[in-house]
Amino acid sequence: MPFISEPRFTVAHALRVKGFAEGPAIAEATGHPLDETDALLDDLLGAALILRRDSRITGWCLTPDGREVHAQWLTDERAAAACEGVVASGYDAFLERNEEFKVLCTDWQLRSADGQPVPNDHSDEAYDAAIVERLGVLHDRVMPSVDSLADAMARFGPYGDRLAAAWKRVADGDRSAIARPLSGSYHDVWMELHQDLLLTLGRERGAADGT
């Protein structure tokens, strides 16, 4: 049986990973129903662990006290779950694909013209289709390690669903689902999973981690 995280922690953790988010995005990230997510947000707000950020981009975020409490909750969960080895193995498997994904995203954004990199205007359907095919292969290769993480810790489960949903959008013709920021794109979910793995293992991002 996978380790089940405390619900308040999963909401705080989603905000730590994302930086800021609205209720529906937090519900998607945690797998909680929206009404339950809203209740948990109210609980965290009452404890002064989160606040509302209303600027160019709106959403909930952790307060300084919230970040400290989250860090303690994460430490406590790490000890209770006792599955650091599985998570570390999953992270190693993820890193094996991370460089490949970085190159894929660069190739999606830029292409070569007369030996020089230029913005990809997506006018070459064959070029774009080849990158989509590469993403499909990468998706099939990375999903077993994501599933293994979810088998160890249930809170990793939504990542598999979200990556699959983003890939389906791409396969169905929505090319924005590859790398458009703040759109639930494959790149968005990939980056969040990377950050979550680092937080869960208590590691800092290094040169080998990329992104």
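Which residues of α5 are buried? In this predicted model, the buried residues of α5 are Val87, Ala88, Gly90, Tyr91, Phe94, Asn98, Phe101, Leu104, Cys105 and Trp108. An α-helix has 3.6 residues a turn, so residues three or four places apart point the same way. The cover over the buried residues of α5 includes β3 (110–113), α6 (125–152) and α8.

**Helix α5**

Helix α5 comprises 26 residues, 84–109. At 1.5 Å a residue a span of 38 Å is expected, and the end C-alpha atoms are 36 Å apart, so the two values agree. The helix has a kink of about 30 degrees, and the kink is centred on Arg97.

**Helix packing**

Two helix pairs are described here. Helix α1 (residues 7–18) packs on helix α4 (residues 64–81) at an angle of about 120 degrees, and their axes are 10 Å apart. An angle of 65 to 115 degrees would count as roughly perpendicular; α1 is therefore oblique to α4. The crossing of α1 past α4 is left-handed. On the α1 side the contact involves Arg8, Phe9, Ala12, His13 and Arg16, which meet Arg67, His70, Trp73, Leu74 and Glu77 of α4.

Helix α2 (residues 23–30) and helix α3 (residues 34–46) cross at roughly 110 degrees, and their axes come within 9 Å. The two helices are therefore roughly perpendicular to each other. Gly23, Pro24, Ile26, Ala27 and Thr30 of α2 make this contact with Leu34, Thr37, Asp38 and Leu41 of α3.

**Buried residues and their contacts**

Three residues, one each from α4, α6 and α8, are set out below.

| Residue | Helix | Relative accessible area | Contacts beyond four places in sequence |
|---|---|---|---|
| Leu74 | α4 | 7% | Phe9, His13, Arg155, Leu199, Thr200 |
| His139 | α6 | 6% | Leu163, Ala164, Trp167, Tyr186 |
| Gln195 | α8 | 19% | Arg16, Val17, Arg205 |

Leu74 belongs to the α4 side of the contact with α1. Its contacts include Phe9 and His13, both of which are α1 residues in that interface. Leu74 also touches Arg155, Leu199 and Thr200. At 7% relative accessibility, Leu74 is classed as buried. By C-alpha positions, Leu74 and Ala166 are 28 Å apart in space, with their places 92 residues apart in sequence.

His139, in helix α6, counts as buried because its relative accessibility is 6%. Among the residues that His139 touches are Leu163 and Trp167.

Gln195 lies in helix α8, which covers residues 186–201. Its relative accessible area of 19% falls under the 20% limit, so Gln195 is classed as buried. Gln195 is in contact with Arg16, a residue of α1 that also takes part in the contact with α4. Val17 and Arg205 are further contacts of Gln195.

**Positive phi angles in loops**

Most residues other than glycine have a negative phi. Which value does phi of Ala82 take? Phi of Ala82 is near 50 degrees, a positive value in a residue that is not glycine. Ala82 is located in the loop between α4 and α5. With a relative accessible area of 64%, Ala82 is exposed.

His122 is also not a glycine, and its phi is positive at about 60 degrees. The loop that holds His122 runs between β4 (116–119) and α6. Is His122 buried or exposed? At 36% relative accessibility, His122 counts as partly exposed.

How values were computed. Residues are numbered from 1 along each chain as its sequence is written. This is a predicted model: local features need pLDDT of at least 70, side-chain atom pairs count only at pLDDT 80 or more; totals for chains, interfaces and linings use all residues. Side-chain values use heavy atoms; hydrogens and water are left out. Buried means under 20% relative accessible area, exposed over 50%, partly exposed in between (1.4 Å probe, protein chains only). Contact means heavy atoms within 4.5 Å. The expected span of a helix is 1.5 Å times one less than its number of residues. The bend at a residue is the angle between axes fitted to the seven residues ending there and the seven starting there. Axes are lines fitted to C-alpha atoms, for helices over the stretch in contact, and angles run from 0 to 180 degrees between N-to-C directions. Angles under 35 degrees count as roughly parallel, over 145 as roughly antiparallel, 65 to 115 as roughly perpendicular and the rest as oblique. A crossing is left-handed if the near helix is turned anticlockwise from the far one by less than a right angle, and right-handed if clockwise.
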